[in-house]
Amino acid sequence: MDLSYLLTPFAAWLVAGTLKFLVNSIRAKKLAFGLIGYGGLPSNHSAIVASMATLIGCREGLSHPAFGVAVTLAFIVILDANSLRRQIGNHARAINRIAVDDSGHTILRERVGHTRLEIAAGILVGAMVAFAICSL
């Protein structure tokens with residue numbers, strides 16, 4: 001059994017999450033445990049799906065049907081991170097501004113989606129992790 005298909009997305013998630021924590025901590029000039037979650041550089045979701053598509057392409061070949069499925073899934077996740085989830089963040093920001101005087105309002109998380117740079121960094125991290133695992 002080839003455990004690389006299980007290990008690769010986990011490793012991509014771990015590397016991307018660690019990098020995101022470091023980037024957020026440098027930007028905040030303190031350990032940024034409160035900024036762990038959705039949004040930020042690099043995109044964990046993009047790293048995970050890119051790692052799997054890259055690993056399948058590397059191990060099975062670009063003409064394998066599983067590679068096509070993995071690329072399709074990656075596109076869906078990446079488009080979602082860039083458009084839908086970013087719009088959710090914009091809506092949360094607007095709702096928080098409108099409800100600023102409402103004492104019963106729970107502040108909504110505004111940092112949800114990703115910019116194109118954050119997504120590109122996630123794709124790069126995921127591909128690098130997959131290439132590293134594929135070469136072992």
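**Helix α1 and its neighbours in a predicted model**

In this predicted model, helix α1 passes α4 in a right-handed crossing.

Q: Why is α1 called oblique to α4?
A: The axes of α1 (residues 4-28) and α4 (residues 116-134) cross at roughly 135° and come within 9 Å. Roughly perpendicular covers 65 to 115 degrees and roughly antiparallel starts over 145, so an angle of roughly 135° leaves α1 oblique to α4.

Q: What makes the contact of α1 with α4, by class?
A: On the α1 side you'll find S4, L7, T8, A11, A12, V15, A16 and L19, and α4 brings V125, G126, V129, A130 and I133. By class, that's ten nonpolar, three polar and no charged residues. Gly counts as polar here, so G126 goes in the polar group.

Q: How do you know whether S51 is buried or exposed?
A: S51 has 0% relative accessibility, and buried means under 20%, so S51 counts as buried. S51 sits in helix α2 (residues 44-60). Leaving out residues up to four places away in sequence, S51 touches T8, P9, A12, G126, A127 and A130.

Q: Why is the pair of F10 and W13 called stacked, tilted or edge-to-face?
A: Their ring centres lie 5.5 Å apart, inside the 6.5 Å limit for a pair. Stacked needs planes under 30 degrees apart and edge-to-face over 60, so 35° makes the pair tilted. Both residues lie in α1, three residues apart, about one turn of the helix.

Q: What makes F10 buried, partly exposed or exposed?
A: Partly exposed runs between 20% and 50%, so F10, at 48%, counts as partly exposed. W13, at 41%, counts as partly exposed too.

Terms used. Residues numbered from 1 in each chain as written. Predicted model: local features only at pLDDT ≥ 70, side-chain atom pairs only at ≥ 80, totals over all residues. Heavy atoms only, no water. Axes fitted to C-alpha atoms, helices over the stretch in contact; angles between N-to-C directions. Helix = DSSP H or I, 4+ residues; strand = E, 2+ residues; numbered from the N terminus. Parallel < 35°, antiparallel > 145°, perpendicular 65-115°, else oblique. Left-handed = near helix turned anticlockwise from the far one by under 90°. Contact = heavy atoms within 4.5 Å. Buried < 20%, exposed > 50% of the residue type's maximum accessible area, 1.4 Å probe, protein only. Phe/Tyr/Trp six-rings, centres within 6.5 Å; stacked < 30°, edge-to-face > 60°.
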